[in-house]
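Visitor: I'm new to reading protein models. Could you walk me through one, feature by feature?

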Amino acid sequence: MRKERVTIKDIAKALGVTPTTVSRALNGGERISEKTRNKVIALAKEWNYRPNMVARNLQNQSSKTVGVVIPEFNHNFFSVMLHGVEDKIRELGYQMLVGSSGRDYDQEKRTCFQMSDAKVDGLLIALSQDTEDYSYLNEIRNLGIPIVLLDRICEDIDTSVVITDDFNGAFKAVNHLLEKGHQRILHVKGEEGISTTFNRYMGYVEAIQRKGLVLDTSLILNSDDKALLKEEIKASLEKENRPTAIFTCSDYLAFVVLETIKELGLSVPHDVSIIGYADEPISTYTSPKLSTIKQPSFEMGKKAVEILFDYEKADQHQHVVMDTEIILRESTIN
């Protein structure tokens, strides 16, 4: 006898397919045959399957709690985003359960399952850079818990996402430097394995190439080791044909660059201009004050909650890209 509440797993078992296949069929995903899709949809209708599990929880056994998992607490971006989440959740009469992955995949997975076990009504997740296997997220979704991804994209799971336009943000920063006459612009990349690093790098590349310049790979540095990064920055700035501007993937990397430039006895922005990314509060306290790209982190948090409780579009996956703003301060000649 079937359970009163039909789940994706019930349908998958009856048809001899995986829950992921059922999820794709019901949500318009690709990589599935039309024959299988029709079988899944027909059985779902016959069994009166209702994908809007959040709405059912509101009427029945809701915990009135939303789980939020972020990589770390010590970045202002995530802290402000949490404030946005909390602001909207309180407005709806919910509570927030917060956990950190510590940028570790296993911890991220454990935290998400713990929140799932706590019967949260939805999960907001900013994935760690170590995450490679996303199957556990589909397991959680198949339990009827909706998921919205924040800040970082995962191509392997069909779900809603709220991100900032990192590509365009980086393009704005580099294009500004190019318009000010800089021809050789150094780029310090962020941590590998996350979409934000890649998108900001591609924005840098696009701005350089659209200007008709040849991409010089010697002007692209990785940030995995701070001591090594500082040595590479020094080596680059001591060359005869040195870069006259630097764009970094984050404000924290910009602080490392600023420190290194001062150690060389160079002046910012007269010898080297710097633009960071994220508009961390300390950016206004550095000397000189740091030019940067501002992200709407508070608004991102609010928007993610709105999507989570948008019952009319519960069957649709929303992809929200929020714009960034260039903030010009003393580290660039404006």
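**Charges, folds and odd corners**

Guide: Happy to! Let's start with a group: Lys88, Glu91, Lys303 and Glu306 are joined in a network of salt bridges. Keep in mind that this is a predicted model.

Visitor: What is the idea behind a salt bridge?

Guide: Side chains of opposite charge can pair when their charged atoms come close. Searching the whole structure here turns up 18 salt bridges.

Visitor: Let's try one. How far apart in sequence are arginine 37 and glutamate 34, and which helix holds them?

Guide: They are three residues apart in helix H3 (residues 34-46), so about one helical turn separates arginine 37 from glutamate 34. Their side chains meet in a salt bridge at 3.7 Å, N to O. As for cover, arginine 37 counts as buried because its relative accessibility is 15%, and the cut-off for buried is under 20%.

Visitor: And which parts of the chain does the pair of glutamate 72 and arginine 103 tie together?

Guide: First the pair itself: the side chains of glutamate 72 and arginine 103 meet in a salt bridge at 2.4 Å, N to O. Glutamate 72 sits in the loop between strand S1 (65-70) and helix H5 (76-91), while arginine 103 sits in the loop between strand S2 (95-100) and helix H6 (105-117), so the pair ties together parts that are 31 residues apart in sequence. Both glutamate 72 and arginine 103 are buried.

Visitor: What about arginine 200 and aspartate 166: where in the chain are they?

Guide: Their side chains form a salt bridge at 3.0 Å, N to O. Arginine 200 is in helix H9 (residues 195-210) and aspartate 166 is in helix H8 (residues 166-179), so to speak two distant parts of the chain, linked across 34 residues. Arginine 200 and aspartate 166 are both buried.

Visitor: Now the backbone. What should I look for there?

Guide: Here's the general rule: most residues other than glycine have a negative phi, and most peptide bonds are trans. Exceptions are worth a look. Back to arginine 103, whose phi is near 60°, a positive value in a residue other than glycine. The relative accessible area of arginine 103 is 13%, which is why this residue counts as buried.

Visitor: What is the phi of aspartate 279, and where does this residue lie?

Guide: Aspartate 279 has a phi near 55°, again positive in a residue other than glycine. You'll find aspartate 279 in the loop between S9 and S10. With a relative accessible area of 17%, aspartate 279 is buried.

Visitor: Which peptide bond next to proline 269 is cis?

Guide: The one from valine 268 to proline 269, with omega near 10°. Proline 269 is in the loop between helix H11 (251-263) and strand S9 (273-275). Another cis peptide bond runs from serine 287 to proline 288, with omega near 0°. Proline 288 belongs to the loop between S9 and strand S10 (292-294).

Visitor: How do I read the surroundings of a single residue, say histidine 182?

Guide: Find its place, then its cover, then its partners. Histidine 182 is in the loop between H8 and strand S6 (185-188). At 13% relative accessibility, histidine 182 counts as buried. Leaving aside neighbours within four places in sequence, histidine 182 is in contact with Leu177, Thr244, Ala245 and Ser273.

Visitor: And on the surface, which residues form a negative patch?

Guide: Asp133, Glu139, Glu155 and Asp156 form that negative surface patch. Take glutamate 139, which lies in helix H7 (residues 135-142). Glutamate 139 is partly exposed, with a relative accessible area of 41%.

Visitor: Can we zoom out to the whole chain?

Guide: Sure. The protein chain has twelve helices and twelve strands. Along its principal axes, the C-alpha trace spans about 80 × 40 × 30 Å. Of the 334 residues in the chain, 52% are buried. The accessible surface is about 15900 Å², and 46% of that belongs to carbon and sulfur atoms.

Visitor: How far apart are the mean positions of the positive and negative charges?

Guide: They are 5 Å apart, taken over 41 positive and 49 negative charges. As for contacts with a separation of 6 or more, residues 24 or more positions apart account for 72% of them.

Definitions and conventions. Residues are numbered from 1 along each chain as its sequence is written. This is a predicted model: local features need pLDDT of at least 70, side-chain atom pairs count only at pLDDT 80 or more; totals for chains, interfaces and linings use all residues. Side-chain values use heavy atoms; hydrogens and water are left out. Patches are made of residues with over 30% relative accessible area and no salt bridge: like charges are joined within 9 Å, nonpolar side chains (Val, Leu, Ile, Met, Phe, Trp, Tyr) within 5 Å. Accessible areas come from the Shrake-Rupley method with a 1.4 Å probe; for residues, only the protein chains shown count as cover. A salt bridge is a side-chain nitrogen of Lys or Arg within 4 Å of a carboxyl oxygen of Asp or Glu. Lys and Arg count as positive and Asp and Glu as negative; His and the chain ends are not counted. The place of a charge is taken as NZ of Lys, CZ of Arg, CG of Asp or CD of Glu. Helices (H or I, at least four residues) and strands (E, at least two) are DSSP runs, numbered from the N terminus. Buried means under 20% relative accessible area, exposed over 50%, partly exposed in between (1.4 Å probe, protein chains only). Contact means heavy atoms within 4.5 Å.
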